[in-house]
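Reader: Please walk me through how to read this model. Keep it brisk.
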Amino acid sequence: MRTVTVVGASLAGLYAARELRAQGFDGRLVIVGEEPHAPYDRPPLSKDFLTGRAAEDRLALSDPEETRELGAEWLLGVRARGLDARGRTVELADGGTVRCDGVVIATGASARRLPGPAPAGVHTLRTLDDARALRADLHGGRQRVVVIGGGFIGAETASSCASLGHDVTVVEAAPLPLLPQLGPELARACAQLHERGGVRLLTGVGVTGLREASRVGPEPGEGPGPRVTGVALADGRVLPADVVVVGIGAVPNTGWLAGSTLAVRDGVLCDGGCVTSLPQVVAVGDVARADGVRAEHWTSATAQPRAAVRNLLAGRTLEHARPLPYFWSDQYGCRIQYAGRRRAGDTVRIVSGSPQDGRFLAHYERDGTVTAALALDMPRPFTRIRRELARAETRPTPGAVVGAVGAI
Amino acid sequence: MIPVCRLEDLPVGESVRIDTVPPIAVFRTEGELYAIDDTCTHQDASLSEGWLEGCLVECPLHEASFDLRTGQPTCLPARRPVRTHRVTVDDGVIHVHPAASADSAA
């Protein structure tokens, strides 16, 4: 293999590039990134970066020394717009093409937006540019912030805005945020954090639209056009808003693959080893639907590239990558950590602490075995069970940990 | 020199965080005491809450791992070392001697 193109210059793309070199690929390595920025870490954007605790230089995922060692050609600020049917040519939005023998698809996902044009003051939070714009909009005095969506991005953004002194309301269409992910008992425990942080949480009510007003004299730096003034709810209420943050999930960036022969269904379909229907094309990170599962987890993006690159270089699937799902969230001074494969109906057992105290470790159990765990501010006991769950998956009978290991 | 706790109050396999600026984590492994900067160099996480295995501590957030003897990261995502600090036991009390400056590990 002489040339490999990594399409996507974020976490999964960078880890794939590292793996290519670590696994002995010494050919031409091209990395294409839509954003103009060198690879940066997204999780702090809604947390320390938004509150100003962490500056931009803390976001860098790499450093000049490593960049030099990688010996890659970086095409940043250029979107890939196509992959030919044989998967041998990546077409770029600026008209250029990259011919290659191998392709790593790592184009990630984009923040889902509300339909229609967004007036000024309405934000999503996915990219560094998004975070810069939101940060700039939160300057000067107490503002009324409405966060649409109570998932992790929404909750973290609400928490950060509250810590900056703003008046914050979170609107969640479901009866509870994170209900499908955590189940009712623990979703409720996490939802209580909003109240403790001084943030209003409205649940079970959808958003029907935004209210806006035209402006006579926009602020310096702002374009003309209307600015948001409120969020209209399905029950008829209108929440006054100076700033609106839309946190309603992400959609995988697969549009550029329309002309390829790759199968796309809410992600690029690939086998358990991240190999697509073309053996020299693999997909990793948020954009990959590996063995039927698309996980938007930081640790999936860092774990998948090892197997994906090995399979890419071998030309066939030698290794599967099915890391134990793990995610975390920092909000209202609490750290939430989840690991495992919970299924609807699993029994919840609090094994340490209590939700009332805001500090606990809970197991999800099925047929006497632990399927997943959730912790609030209990990092060490959580790590113990997370490691047990990961170890259990590598045993001949995967998927569960014997309940007795919970001797925490 | 900062007193931490009595030796018997820090069992083998345990760690304690001391609220210096920046905070320091003290670990007791089989037969040895180590002190390193508590905050992971990758992101804001307390290594005193990490997973101790031999002379390595794994960050509780992203599984970055550091060698307690040298402060060097042994795997990604951390790329920069944490500072190490000298530890002594005087009259049964653990003491940490913080390294001179915050950038001495660079």
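Author: We take helix packing, a hairpin, domains and a chain contact in turn. This is a predicted model: local features need pLDDT of at least 70, side-chain atom pairs count only at pLDDT 80 or more, and totals for chains, interfaces and linings use all residues. Residues are numbered from 1 along each chain as its sequence is written, while chains are lettered from A and ligands numbered from 1 in the order in which they are written.

Reader: At what angle do the axes of α1 and α7 of chain A cross?
Author: Two packed helices are described by the angle between their axes and the distance between the axes. Here α1(A) (residues 11-22) and α7(A) (residues 298-314) cross at roughly 30°, and their axes come within 8 Å. They are therefore roughly parallel (angles under 35 degrees). The crossing is right-handed. Helices are DSSP runs, H or I, of at least four residues.

Reader: Which residues of α1(A) and α7(A) meet?
Author: Contact means C-beta atoms, placed from the backbone, within 7 Å. A:L11, A:Y15 and A:L20 are among those of α1(A), and A:W298, A:P305 and A:V309 are among those of α7(A). By class, the contact has 10 nonpolar, 2 polar and 2 charged residues.

Reader: How do β2 and β3 of chain B pair?
Author: Strands pair if DSSP finds at least two bridges between them. β2(B) (residues 15-18) and β3(B) (residues 24-29) are antiparallel over 4 bridges. B:I18 has B:I24 as its bridge partner. The two strands form a hairpin, with 5 residues between them.

Reader: How far apart are the C-alpha centres of domains 2 and 3 of chain A?
Author: They lie 29 Å apart. Their contact takes 8 residues from domain 2 and 9 from domain 3.

Reader: How many residues do chains A and B give to their contact?
Author: Chain B gives 8 residues and chain A gives 8. The chain B side divides into 4 nonpolar, 1 polar and 3 charged.

Key. Contact = placed C-beta atoms within 7 Å. Nonpolar A, V, L, I, M, F, W, Y, C, P; charged D, E, K, R; others polar. Domains from an automatic or database assignment. Axes fitted to C-alpha atoms, helices over the stretch in contact; angles between N-to-C directions. Parallel < 35°, antiparallel > 145°, perpendicular 65-115°, else oblique. Left-handed = near helix turned anticlockwise from the far one by under 90°.
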